[in-house]
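Got the viewer open? Load the model, switch to cartoon view, and let's walk through it one selection at a time.

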Amino acid sequence: MNVVGLFFAASPAFASHFSMSVAPLSGSVDRGNQISFVATATYIGLPSEAIGFNVSGLPGGASATYSTGGCSPTCSTIVTITTGSAVAETYALTVEGIGSSHSASAAYSLTITDAAQATPTSYSFTDASIF
């Protein structure tokens, strides 16, 4: 009887839990363009549950879309960031997997560059006759 009681007391250890990861961990993109990476939720316990994804820390003017709205069991989604009119700098994003009983997150570093501010190419002319 005590064994049965211990078994039920230990059952919360089998609650659905998962870890989040992203690959690659960082990326760089010109302002106005898109960049994609993979977010993966890996189950640690049972049972599995549906997972939704969210990215926080996006700059104003940027948005995120996902290849899936959620999945079950362990799953991956392609996260696509559209930078829009976001200011060119580096942003620390948090990619979160959200289940009904658990959530987990992973970090992604997004660098937005401004192609218009790139260093101009320097030209020199040695033939004075073209002036």
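Which elements of the protein have the lowest and the highest mean pLDDT? Remember that this is a predicted model, and colour it by pLDDT to see. Helix 1, residues 2–10, sits at the bottom with a mean of 34, while strand 2 tops the list at 97. Across the protein the average is 79, and 69% of the residues reach at least 70.

Next, select residues 1–14. Here pLDDT stays under 50, and the model gives this stretch three contacts beyond four places in sequence.

Now jump to strand 2, residues 26–30. Strand 2 runs parallel to strand 8, joined by five bridges; pick Gly-27 and you'll find Leu-110 of strand 8 opposite.

Stay on strand 8, residues 103–113, and show side chains. Ala-104, Ala-106, Tyr-108, Leu-110 and Ile-112 make up the covered face. The uncovered face has Ser-103, Ser-105, Ala-107, Ser-109, Thr-111 and Thr-113.

Add strand 7, residues 90–98. Strand 7 pairs with strand 8 in the antiparallel sense over nine bridges, and a four-residue hairpin connects the two. Click Gly-97: its bridge partner in strand 8 is Ala-104.

Last stop: select strands 1, 3, 6 and 5. They form an open antiparallel sheet in the order 1-3-6-5. Strand 1 (18–23) and strand 5 (63–66) are at the edges with a single partner strand each, so each has one side without a neighbour in the sheet. From one strand to the next, the twist averages 25°. Zoom in on strand 3 (residues 34–43) and strand 6 (residues 75–82), antiparallel and joined by eight bridges; Ile-35 stands across from Ile-81 in strand 6.

Key
Residues numbered from 1 in each chain as written. Predicted model: local features only at pLDDT ≥ 70, side-chain atom pairs only at ≥ 80, totals over all residues. Heavy atoms only, no water. Buried < 20%, exposed > 50% of the residue type's maximum accessible area, 1.4 Å probe, protein only. Pairing = 2+ DSSP bridges. pLDDT = per-residue confidence, 0-100. Contact = heavy atoms within 4.5 Å. Axes fitted to C-alpha atoms, helices over the stretch in contact; angles between N-to-C directions.
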